[in-house]
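Here are two short exercises to work through at your own pace. Have the sequence and the model open beside you.

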Amino acid sequence: AAGRGTRMRSDLPKVLHSMASKPLLAHVLATTRELSPLQIHVVVGHGAEAVKEALDADDITWVMQSEQLGTGHAVLQAMPGVRPDSNVLVLYGDVPLLTFSTLQSLADNSPSLLTAQLDDPSGYGRVLRDGQGQLRGVVEHKDASEDELTVNEINTGVLAYPAKLLNEFLPRVGNANAQGEYYLPDVLAMAVSSGHCVAALKADDPDEVMGINDRRQLAAAEAIHRARQADALMLAGATLADPLRVDVRGTIQVGMDVQIDVNVVFEGDVRLGDGVSIGPNCVLRDSKIGAGAVVHAMSHLDDVSVGENCSVGPFARLRPGTSLGDGARIGNFVETKKARIGAGSKVNHLSYIGDAQMGGGVNVG
C-alpha cells in the first residue's frame, strides 16, 4: 500500500480513495481478516501517516518503504517481522474485489500464484508455463519477447509463499530489467529451479483481480461491487425493482419477501425484517426495520429502530435515536430526533419531534 497513484490525479493516497464508502485498502483488509491471519503487515510509503490514521488497528503492523523500488523490495521490508514458520499471502491495497474463497484456495496451495485470463493483456506481466502446463516463471510486459507477448494469461501479483522460502529467495532478486525494480514474481522462478512445484491458480472471474489506477477503473470497480451486493440481496429473498439502482455501502441483512425500489442507498449496518418494503430514493443508515414495515419514497433513516408494521413517510427524516413502536405511523415531511414513538401512535405531516417520548396510540399534528 505504498504507491502514490499518480494517475488518480489526487493528493489523497490511492489506497484511501473510496469504493462503497470505504477506502480501497479497507476492503482488502476486511477480506484478509476473514482468513483469520496470524499477522497483518501493511507496507506504506506515499502518504503513510494519512493511511495509518485512517485505518490503524491493533491487528496491523505498519512497515515503511521509504523508496518504492518494486514489489519484491516492498515485501522484503516486511519480512523481518514475519514469523519464519508462517505462510505469507501477498495482497495489494488497490485490488479491492478479491474474494475470501479465492484467497483461501491460494493459501491452501502455497507456494502459489493467482493468474487471470484476459482478452487484452497489454501492460501486464505474462505467466509462462512449460509443456506440461506447469508454471516456470513470469515475465513483465516490458521485458517480454514477441512470442511471450502473445500469452494472455497474466500475473496478478497476488501470491502465497512459505516465509522460509521468501527469506531464502527474496534477497537474491535483482533489478536487471526495463523498470530497474525488484520484482516479487522472480521468487517463483527461483522456487521452480530449486525443485519446488508452484501452483498457478486461474481466477474464476477476472473482475476479482482488477487493480485501481485511475478514476475510471475506480468507477468500474464500484459498479462490480454494487452488482455483487444486488445479487446477494436477491439470493437472500429480496425483490429489487432494478438491481442496477440499489447501492449497498456497508452490511445488510434481509428477511423473506423484502421489496426494494430504485435508487435506495444502504449505509453502515442495516437489517430489514420479513415483508419490509422500501420505496424509491430512500437512504437507510445503521437502522433496523421490523417485519411488515413500509418506508415510503424520499425518506432518510439514520440510526433508528422501526417496529413491525410501521409506516414511514414519504419525505420523512428520522434522525439518530428515534425508535418507533409496532404499528406507528410517521407522515410526510416529519422529522424526528431522539424520539420514542409508542406503538400505534401517529405523527401527521409537517411535524418535528425531538428529545421526546410518546406513549402508545397518540395522534400528533
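**Exercise 1: the setting of H17**

H17 lies in the segment before β1 (18-19); strands here are DSSP runs of E, at least two residues long, and helices are runs of H or I of at least four, numbered from the N terminus. This is a predicted model, in which local features need pLDDT of at least 70, side-chain atom pairs count only at pLDDT 80 or more, and totals for chains, interfaces and linings use all residues. Residues are numbered from 1 along each chain as its sequence is written, and side-chain values use heavy atoms, with hydrogens and water left out.

Task: decide whether H17 is buried or exposed, and find its side-chain partner in a polar contact.

Solution, step by step:
- The relative accessible area of H17 is 6%. Buried means under 20% and exposed over 50%, with partly exposed in between (1.4 Å probe, protein chains only), so H17 is buried.
- Beyond neighbours within four places in sequence, H17 contacts residues including M8, L12 and R215 (contact: heavy atoms within 4.5 Å).
- The side chains of H17 and S10 share a polar contact of 3.3 Å (N or O atoms within 3.5 Å, one able to donate a hydrogen and the other to accept it; residues adjacent in sequence count only if both atoms are side-chain atoms).

**Exercise 2: the two sides of α2**

Task: work out which residues of α2 are buried and what covers them.

Solution, step by step:
- In α2 (residues 48-55), the buried residues are A48, V51 and L55. They sit on the same side of α2 because their arc around the axis is only 65°, taken from the directions from the helix axis to the C-beta atoms.
- On the other side of α2, E49 and E53 are exposed.
- The cover over the buried residues includes β2 (22-23), α1 (24-34), β3 (40-44) and β4 (60-64).
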